Amino acid sequence: MRVADDHAVAEYAAQAAGRELLRLRERAAGAADLRARGDALGQQVLQELLGALRPDDAVLSEEAADDPARLTASRVWIVDPLDGTREFGEPPRPDWAVHVALWADGDLVAGAVALPALGVTVGTAEPPPPPAHRPGRSRIAVSRTRPPVEATAAAGALDAELVPMGSAGAKVVAVVRGEVDAYVHAGGQYEWDSAAPVAVARAAGLRACRLDGSELRYNRTDVRVPDLLVSRPGIADAVLAAVAGAR
């Protein structure tokens, strides 16, 4: 297959990995089997596709050894073959994702997040418009297992509801689709957790930054990303102010 456009490559690869993961979900023997095999299967699909479609590009993946050559490469695909392994192992939960992003010459330039269990893919090729303001209380997506105190502070300041979800990709897509108003994360992630979701969020006109308001940067020597905000522009400043007050 020939795919000339990087946006299309990201979407095609994320969807292809998602299809194979759904097939695995239909035949795997229990949660432990799903979790053990899901990450490896997603990695295999993305590795083969990106190797075929973009053989000269570097790749940074959660499920592969980090090649330092990426630090001098002009193009690096940053991927998470299965974001939300815990949720993937709990059928029929839909809040798991496949992330595929492209970093080129200093910034994210393309990306896609597939939510295979929902049949949804959002990408930078045709990003949705910024979500309209919803009536009622604001909603802030947080981790199912470790909601940060920063999110609790923001919820208190905005009289918002905390909404636990799995995958970081699922949380960001929920903001993109207007199902929640913001996603607040603290306590550490890695570049592959947020690169594709942030690329999509930016393309959709959302605010995506660190919790101190600074810019998110990718393809760095240290791939840790300590914290993250993805938000509708209308409440981003209020969330950041509440977070600052809690620190």
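Q: Which angles between two helices count as roughly antiparallel, and which as oblique?
A: Angles over 145 degrees count as roughly antiparallel, under 35 as roughly parallel, 65 to 115 as roughly perpendicular, and the rest as oblique. The axes are lines fitted to C-alpha atoms, for helices over the stretch in contact, and the angles run from 0 to 180 degrees between N-to-C directions.

Q: And what sort of model is this?
A: This is a predicted model, in which local features need pLDDT of at least 70 and side-chain atom pairs count only at pLDDT 80 or more, whereas totals for chains, interfaces and linings use all residues. Residues are numbered from 1 along each chain as its sequence is written, and side-chain values use heavy atoms, with hydrogens and water left out.

Q: OK, at what angle do α1 and α2 pack?
A: Helix α1, residues 6–27, packs against helix α2, residues 31–53, at an angle of about 150°, and their axes are 9 Å apart. The two helices are therefore roughly antiparallel to each other. Helices (H or I, at least four residues) and strands (E, at least two) are DSSP runs, numbered from the N terminus.

Q: Which residues of α1 and α2 meet?
A: On the α1 side they are V9, Y12, A13, A14, A16, A17, E20, L21, L24, R25 and R27, and these meet L34, R37, G38, L41, G42, V45, L46, L49, L50 and L53 of α2, where contact means heavy atoms within 4.5 Å. The residues of this α1 and α2 contact divide into 15 nonpolar, two polar and four charged. In that division Ala, Val, Leu, Ile, Met, Phe, Trp, Tyr, Cys and Pro count as nonpolar, Asp, Glu, Lys and Arg as charged, and the others, Gly among them, as polar.

Q: What about α4 and α7, how do they pack?
A: Helix α4 (residues 149–158) and helix α7 (residues 233–246) have their axes 8 Å apart and pack at an angle of about 120°, and they are therefore oblique to each other. From α4 the contact is made by E150, A153, A154, A157 and L158, and from α7 by I235, A238, V239, A242, V243 and A246. These residues of α4 and α7 divide into ten nonpolar, no polar and one charged.

Q: Is A238 buried or exposed?
A: A238 counts as partly exposed, at 37% relative accessibility, where buried means under 20% relative accessible area, exposed over 50%, and partly exposed in between (1.4 Å probe, protein chains only). Its C-alpha is 7.8 Å from that of A154, although A238 and A154 are 84 residues apart in sequence.

Q: And at what angle do α5 and α6 cross?
A: The axes of α5 (residues 168–176) and α6 (residues 191–203) cross at roughly 10° and come within 9 Å, and the two helices are therefore roughly parallel to each other. A168, G169, V172 and V176 of α5 make the contact with D193, P197, V200 and A201 of α6.

Q: R202 is in α6 too, so what is R202 in contact with?
A: Apart from neighbours within four places in sequence, R202 is in contact with D107, L108, A208, E215 and L216. R202 is partly exposed, with a relative accessible area of 28%, and its C-alpha is separated by 9.2 Å from that of P127, 75 residues apart along the chain.

Q: Switching to the core, which members touch the most others?
A: In the largest nonpolar core, of 41 residues, these are I78, L108, V113, Y218 and V230; such a core is a set of buried Ala, Val, Leu, Ile, Met, Phe, Trp, Tyr and Cys residues joined through side-chain atoms within 4.5 Å. Not counting residues up to four places away in sequence, V113 touches several residues, among them A97, V98, H99, G169, P197 and V200. A second, separate core has 27 residues, including A14, L34, W77 and A112.

Q: Where is D80, and is D80 buried or exposed?
A: D80 lies in strand β2, residues 75–83, and counts as buried at 0% relative accessibility. Beyond neighbours within four places in sequence, D80 is in contact with E62, A97, V98, H99, W192 and D193.

Q: Last one, which residues does a cis peptide bond join, and where is phi positive?
A: The cis bond joins P91 and P92, with omega about 5°, and P92 is in the loop between α3 (85–88) and β3 (97–104). D159, in the loop between α4 and β7 (161–165), has a positive phi near 50°. N219 has a positive phi of about 55°, lies in the loop between β9 (207–209) and β10 (224–231), and is buried with a relative accessible area of 8%.
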